[in-house]
Amino acid sequence: MTVERRLARAEFTLTREYPAPVERVWDAFADESQKLSWWGAGDAAEPREWAYDFRVGGRDVAEAKFHDGPVSRYVATYTDIVDYVRIVTTYDMWLDGIHMSTSVASLEFQPIDGGTRFTHAEHGVFFDQFWADGAGREKGTRGLLDALGHYLA
């Protein structure tokens with residue numbers, strides 16, 4: 001089978017206001033047990049591999065098989081962490097072992113009256129048969145931020 005070699009870029013920024021202090025929102029990312037409580041596909045997937053190393057240069061891995069669907073693999077490297085202010089990662093995604101994308105994501109935590117303004121900005125490059133998947137990545141990230149909101153509530 002011949003694979004058409006294509007490349008596409010997608011950018012998005014999502015902002016949420018959570019009724020929780022910055023420290024609580026930050027800890028949902030920085031503390032492994034808390035992150036495990038809300039991160040991922042929930043009951044929609046069977047976890048396979050998890051690694052967590054929250055430090056500059058550290059790597060996270062999350063792999064799961066969706067029920068009656070593909071295996072998704074996420075591998076991130078933390079490139080910048082300023083406690084309670086920002087997290088920057090580069091990350092790669094695979095679907096059934098095929099490299100689908102590379103992204104840079106920045107997560108910003110800003111105190112506001114009554115809680116935290118959280119901003120997730122991302123620039124992704126999508127490869128070959130995944131060239132049109134940018135909209136799906138944004139949708140998936142919206143789902144993660146919704147899950148974070150439920151966790152914080």
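Start by selecting arginine 6 and tryptophan 131: the charged end of the arginine sits over the tryptophan ring, 3.7 Å from its centre. Keep in mind as you click around that this is a predicted model.

**Stop 1: lysine 35 and its neighbours**

Next, pick lysine 35 and show its side chain. Its charged end sits over the ring of tryptophan 39, 4.4 Å from the ring centre. Now add aspartate 60, because there is something else to see here: lysine 35 and aspartate 60 meet through their side chains in a salt bridge, 3.2 Å from N to O. Lysine 35 belongs to helix 2 and aspartate 60 to strand 3, so this pair links distant parts of the chain, 25 residues apart. Are these two partners buried or exposed? Both lysine 35 and aspartate 60 are buried.

**Stop 2: aromatic pairs**

How many aromatic pairs does the structure have? The count comes to 14. Let's visit two of them.

For one, select tryptophan 26 and tyrosine 84. Their ring centres are 5.5 Å apart and the planes meet at 45°, so the pair is tilted. Follow the chain between them and you'll cover 58 residues, from tryptophan 26 in helix 1 (residues 22-30) to tyrosine 84 in the loop between strand 4 and strand 5. Turn on the surface, too: tryptophan 26 has 3% relative accessibility and counts as buried, while tyrosine 84, at 36%, counts as partly exposed.

For the other, go back to tryptophan 39 and add tyrosine 74. This aromatic pair is tilted as well, with 5.4 Å from centre to centre and 55° between the planes. Tryptophan 39 is in the loop between helix 2 and strand 2, and tyrosine 74 is in strand 4, so the pair ties together parts 35 residues apart in sequence. Tyrosine 74 has a relative accessible area of 12%, which is under the 20% limit for burial, so it counts as buried.

**Stop 3: the largest pocket**

Leave tryptophan 39 selected and look for the largest pocket, which holds about 1200 Å³ of space. It is lined by 43 residues, and those closest to its centre are Trp39, Gly40, Ser72, Met93 and Leu144. Colour by secondary structure and you'll find several elements that each give at least two residues to the lining, among them helix 2 (32-38), strand 4 (71-82) and strand 6 (98-112). Which element supplies the largest share? That is helix 3, with 9 residues. Now colour by residue class: the lining has 25 nonpolar, 10 polar and 8 charged residues.

**Stop 4: more salt bridges**

Across the whole structure there are 10 salt bridges. Try glutamate 17 and arginine 117, whose closest N and O atoms are 2.7 Å apart. The glutamate lies in strand 1 (residues 7-18) and the arginine in strand 7, so their salt bridge ties together parts that are 100 residues apart in sequence. Arginine 117 counts as partly exposed, at 27% relative accessibility.

Last, select glutamate 49 and arginine 73, another salt bridge with its closest N and O atoms 2.7 Å apart. Here strand 2, with glutamate 49, and strand 4, with arginine 73, are tied together, and the two residues are 24 apart in sequence. Both ends are partly exposed: glutamate 49 at 34% relative accessibility, arginine 73 at 22%. Add Glu63 before you finish, and you'll have a network in which salt bridges with shared partners join Glu49, Glu63 and Arg73.

Key. Residues are numbered from 1 along each chain as its sequence is written. This is a predicted model: local features need pLDDT of at least 70, side-chain atom pairs count only at pLDDT 80 or more; totals for chains, interfaces and linings use all residues. Side-chain values use heavy atoms; hydrogens and water are left out. On a 1 Å grid over the protein atoms alone, a cavity is a set of points where a 1.4 Å probe fits but cannot get out, and a pocket is an open set with protein on both sides within 12 Å along at least five of seven lines; lining residues have an atom within 4 Å of a point. Grid points are joined across faces, edges and corners, and a volume is the space filled by probe spheres set on the points. Helices (H or I, at least four residues) and strands (E, at least two) are DSSP runs, numbered from the N terminus. Ala, Val, Leu, Ile, Met, Phe, Trp, Tyr, Cys and Pro count as nonpolar, Asp, Glu, Lys and Arg as charged, and the others, Gly among them, as polar. Rings of Phe, Tyr and Trp (its six-membered ring) pair if their centres lie within 6.5 Å; planes under 30 degrees apart count as stacked, over 60 as edge-to-face and the rest as tilted. Buried means under 20% relative accessible area, exposed over 50%, partly exposed in between (1.4 Å probe, protein chains only). A charge sits over a ring if NZ of Lys or CZ of Arg is within 6 Å of the ring centre and within 35 degrees of the ring normal. A salt bridge is a side-chain nitrogen of Lys or Arg within 4 Å of a carboxyl oxygen of Asp or Glu.
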